[in-house]
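Work through the exercises below with the sequence and the model open. Try each task before reading its solution.

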Amino acid sequence: MKDGMSGKDFFALAFGSMIGIGWVISIPAWMSAAGSIGAIISILVTMLMIIPIGFVYGELTSSLKVSGGEYAYTYLAVGKLSAFVCGWFLILGYLIILPWVAVSVAALTSYLFPSMNAIPLYTLFGSVIYLPHLIVSLLMVTIIVYLNYKGVKQSSKFQNVATWMMIATFFVFIIGGFIAGSSDNISRATSESGTIGGIATAIASILFFMNGFDTIPKSRNEVGSHINKAHLGKAIVGTIIAGSLLYSVIVLASSFIMPAEELVNLGELPLISAFEAATGSKFLTIIIVFGVLLGVITTFNGFLFAGSRLIQSFSEAGFLPKVLSKVDQHNKTPKNALLFMWVITIFGIFLGQGILSPFIVMGGISFLIAWFFMSLSSVQLYKKKPDLHRPYSPPGGIIMSYIATFFSSILTLMMIIPGTPISLHGIEYLLFLLWLIIGIVIYMSYSINKIEFKEDVQKVRIKG
C-alpha cells in the first residue's frame, strides 16, 4: 500500500463483508424453498436486481468528492431530511450486523470444540448463553476493534489475507462436494410448491446476504492517490457478480452432497455437517470451518471499518453529537465511533442469539432504504448536473439509475407492506417504528446544525 487503499483492498473489503456465515446456514433453506436449480435461479435473479444498484454506487462513489457515503451523496442530490433518513437507517444496519456476527464466531468455534458448550450462565429469549462462548466473542471483537483503531493499513492487510484464505477454503468445499457427492442427490430442480413461489421465497432471504459492496463508499476517504477512481465502481459491481456466482456454485456443490430436504434437518451448521458426512474427513471439515470463521471475521472487520467511518462522518456533518467524530491524532482513525460500536456489540453479545434474530430482518430493510436513496440521488444528479465528471459511468446512464430506483423502491415497499414474501413481522414492525421515533427526536435536535462534509483534505459547507 502506498498512501491509502488500493483497488484490491476495496475488493477484499467488500467481498469479505458479503461472504460470511450466511451461506453455511441459509443455502439449505434456499434449496428447500426453491429446489436445487431454483435456488441458483433465485441467486441470479437477485444479482440482476442488485447490479443496477451496484452501478449507481460505483458512479456516485467515483464522481462525488465527499466522504460519508450514501447519506452525503443523498444530501447533495436530494436534501437534508432524506440524507438523515438514509444515514440513520444505515447506522442501524451496521449496529445490528456486528453482534450477530460476533455471536456466530462462538457458534462456529464450538463446532470444533464441543466442550465450549459448558458453564451455562443464563437463558434469554430461548437462547442459552455459555461462558466460553462469551469469552470467544468478546476476544474476537476486541482484537478486531483494536486493529481498526491502529489504522487502515493494519485493517486492510488483515482483510486481504483473511479474504483470500477464505476463498481458498471455498474451493475445498466445492471440489470436495463434487467428488464426494453425486448428481443423484439433486432430488428436484424446483420447489414442489411451485417454481415462482419458491424462487420468491428464496430471493427474500438472499437479499439479506447481498450487502457488503456498500462498505466501499464509506471508505472513500481512504483512497490512495494512485488509484483510478473508476476502479471503485468496478470493485463494487465485481463484488456483486463474484459473490453471486460463488453462491451459485456452492448451491450446486451442496446439491451433490445431499438432497435439500435432508440438509435442512442438520442443525445450526447444516452444510458443514453434510460435508463431513459425505467426505468422511474431519480434517477437510476443519478446513471448511476455518474458512467460514475467516468469512465471519472479515464480515465483522468490513462492517466495523465502514460503520465506524459512517458514524464518525455523520457526527462530523452535524447529525449526531460531535464527540463521535473525534479522530485519533496518531492513527488517524475514528476512535470514539469505534469505541461506541464496540460497546453496542458487547451489549448485543450478552443478549445472545435469541434476541438478535428479529434484528437481522431490520438490517435488511436498513440497507434497502440506503439503496433506494442512492438510486434516487443518481437520478437527481443526472438532472441537476448532467455535465458532472463521472470516472465510472454505468451503461445506459440515467436509464440505469431509474432501473435501480425501481427495484430498490419495490423491494423496500414489499418489506414494509404486510403480507408480502419479504414483509416485516410483529416485533420487527415495532422495532422499525421505535428506531423511526428515536430518529425523529435526533433529527429535531440536530437539524438546526450547519451540515458540513469533507472534500479531499478541505471542508465544504452547504447551508441546510
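**Exercise 1. Place Ser254 in its helix, then decide whether it is buried or exposed.**

Solution. This model is predicted.
- Step 1: find the element. Ser254 sits in helix α10, residues 230-257.
- Step 2: check the cover. The relative accessible area of Ser254 is 0%, so the residue is buried. The cut-off for buried is under 20%.
- Step 3: list the neighbours. Beyond four places in sequence, Ser254 touches Ile27, Met31, Phe173, Leu263 and Leu271.

**Exercise 2. Find the salt bridges and state how exposed each partner is.**

Solution.
- Step 1: count. The model has two salt bridges.
- Step 2: take the pair Arg390 and Glu59. Their side chains meet at 2.7 Å, N to O. This pair links distant parts of the chain, 331 residues apart. Arg390 is in the loop between α15 (353-384) and α16 (398-416), and Glu59 is in helix α3 (residues 36-63).
- Step 3: check accessibility. Arg390 has a relative accessible area of 12%, so it is buried. Glu59 is at 1%, so it is buried too.
- Step 4: take the pair Glu276 and Lys282. The closest N and O atoms are 3.6 Å apart. The cut-off is 4 Å, so the pair counts.
- Step 5: check accessibility again. Glu276 is partly exposed, with 23% relative accessible area. Lys282 is partly exposed as well, at 43%.

**Exercise 3. Describe how strands β1 and β2 are joined, and where the side chains of β2 point.**

Solution.
- Step 1: get the pairing. β1 (residues 120-124) and β2 run antiparallel, joined by four bridges. Leu124 has Ser127 as its bridge partner in β2.
- Step 2: look at the turn. The two strands form a hairpin with two residues between them. Phe125, in the turn, has a positive phi of about 55°.
- Step 3: sort the side chains of β2 (residues 127-130). Ser127 and Ile129 point to one face and are buried. Val128 and Tyr130 point to the other face and are not buried.
- Step 4: relate this to the rule. Side chains in a regular strand alternate between the two faces of the sheet.

**Exercise 4. Which loops hold Ile119 and Lys332, and what is the sign of phi in each?**

Solution.
- Step 1: take Ile119. It lies in the loop between α5 (80-112) and β1. Its phi is positive, near 55°, and the residue is not a glycine.
- Step 2: take Lys332. It lies in the loop between α13 (282-317) and α14. Its phi is positive too, about 60°, again without being a glycine.
- Step 3: add accessibility for Lys332. At 54% relative accessibility, Lys332 is exposed, the cut-off being over 50%.

**Exercise 5. Which residues form the nonpolar patch on the surface?**

Solution.
- Step 1: list the members. They are Leu433, Leu436, Ile437, Ile440, Val441 and Met444.
- Step 2: give the area. Together they have about 560 Å² of accessible area.
- Step 3: examine one member. Met444 lies in helix α17, residues 426-446. Its relative accessible area is 63%, so Met444 is exposed.

**Exercise 6. Which elements have the lowest and the highest mean pLDDT?**

Solution.
- Step 1: start with the chain. Mean pLDDT is 82, and 86% of residues reach 70 or more.
- Step 2: compare elements. Strand β4 (residues 458-462) has the lowest mean, 38. Helix α14 (residues 335-351) has the highest, 93.
- Step 3: mark the weak stretch. Over residues 456-464 pLDDT stays under 50. The model has 19 contacts beyond four places in sequence for this stretch.

Key. Residues numbered from 1 in each chain as written. Predicted model: local features only at pLDDT ≥ 70, side-chain atom pairs only at ≥ 80, totals over all residues. Heavy atoms only, no water. Buried < 20%, exposed > 50% of the residue type's maximum accessible area, 1.4 Å probe, protein only. Pairing = 2+ DSSP bridges. pLDDT = per-residue confidence, 0-100. Contact = heavy atoms within 4.5 Å. Patch = residues over 30% accessible without salt bridge, like charges linked within 9 Å, V, L, I, M, F, W, Y side chains within 5 Å. Areas by Shrake-Rupley, 256 points an atom, 1.4 Å probe, with all protein chains shown as cover.
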